[in-house]
Amino acid sequence: MSQDVRPQSSTVDVSIPSVARMYDYYLGGKDNYAVDRAACEELSKVVPSTQVLAVNNRRFLRRVVHWLAQEQGVRQFIDHGSGLPTQDNVHQVAQRVAPDARVVYVDNDPIVLAHGRALLEENRNTAVIQADMRDTEGILGHPEVTRLIDFGQPVAALFVSVLHCIPDADDPAALIRRVAERLAPGSFLVVCQLVSEDRDTRDFVTEFMRVSTQGQWGRVRTAAELGSFLDGLEILEPGLVEVSTWKPDADIGPKQRTMEWIEYGGVARKQ
């Protein structure tokens, strides 16, 4: 759960919960406010697996970036809706494998921009830009993106725990298609989002987050809906799965106490 979809702003509104700051709180971070913590506590009363879900999602991000860099030779990453910096960010994972790996973080939360720039100011192979992740042309044409990313070579475009922030009216499937069309053959798209097969859970969480964030939310979807976003792309093994089971390092990750909703996704490749 990492990006708000409100219009860009240079100020931080601490009266409204932020998806990025709620995610930070669930991960044990310090860049959140009382309003974010209160929203997390209310959400966890109904879906108590949420904090473990967030931790497992972050672990998935680390594994998938390492796998792309180590096993697939990817050296370029664009992280859409990156959220607040935490431990083992994308550039840190990728650059441990390949110091020349280049990473662009995209988020529209001004607090993410401020923290990200402070973290990355001495890393010339990494940049953070403030943009709405739905603005594909603006992002891919941004000077920092064109400085770092060679679109003639494979790129990994990450949409990790952000697609549920996009309303149906803004067509998240079309977003994935737009980005895929701009990438070179052999590029990868990493996608995951919150899904539930229980209608009551989907409806409750969707409405709770919509009200809490004053409309800055999309929808909890079904696994089949997420799968349809990747039509035309090659979904790589082990397929679309609950993310803690995607190429796990070992059976040591935290277990969700309940499975009323899960983070569901995987990796697709453009042929």
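Mentor: Before we start, contact here means heavy atoms within 4.5 Å, and please keep in mind that this is a predicted model.

Trainee: Okay, so which residues does E263 touch, leaving out those up to four places away in sequence?

Mentor: Leaving those out, E263 touches L53, N57, S161 and H164, then C192, Q193 and L194, and finally V241, E242 and V243.

Trainee: And where is E263 found?

Mentor: E263 is found in strand 8, which covers residues 262-269.

Trainee: How far away is the nearest side chain of opposite charge?

Mentor: That side chain belongs to R221 and is 10 Å away, and E263, although buried, has no salt bridge; a salt bridge would need a side-chain nitrogen of Lys or Arg within 4 Å of a carboxyl oxygen.

Trainee: Then which backbone atom lies 3.3 Å from a polar atom of the E263 side chain?

Mentor: It is the backbone nitrogen of Q193, and Q193 is also among the residues that E263 touches.

Trainee: You listed S161 too; is S161 buried or exposed?

Mentor: S161 is buried, with a relative accessible area of 0%, and it lies in the loop between strand 4 (156-160) and helix 8 (172-182). Its phi is near 55°, a positive value in a residue other than glycine, while most residues other than glycine have a negative phi.

Trainee: What about phi of D171?

Mentor: Phi of D171 is likewise positive, near 55°, and D171 is found in the loop between strand 4 and helix 8, where it counts as partly exposed at 34% relative accessibility.

Trainee: Changing topic, which peptide bond is cis?

Mentor: The bond from E237 to P238 is cis, with omega near 10°, and P238 is found in the loop between strand 6 (234-235) and strand 7 (241-242).

Note on methods:
Residues are numbered from 1 along each chain as its sequence is written. This is a predicted model: local features need pLDDT of at least 70, side-chain atom pairs count only at pLDDT 80 or more; totals for chains, interfaces and linings use all residues. Side-chain values use heavy atoms; hydrogens and water are left out. Helices (H or I, at least four residues) and strands (E, at least two) are DSSP runs, numbered from the N terminus. Buried means under 20% relative accessible area, exposed over 50%, partly exposed in between (1.4 Å probe, protein chains only). Lys and Arg count as positive and Asp and Glu as negative; His and the chain ends are not counted. A polar contact is a pair of N or O atoms within 3.5 Å; within protein, one must be able to donate a hydrogen and the other to accept it, and residues adjacent in sequence count only if both atoms are side-chain atoms.
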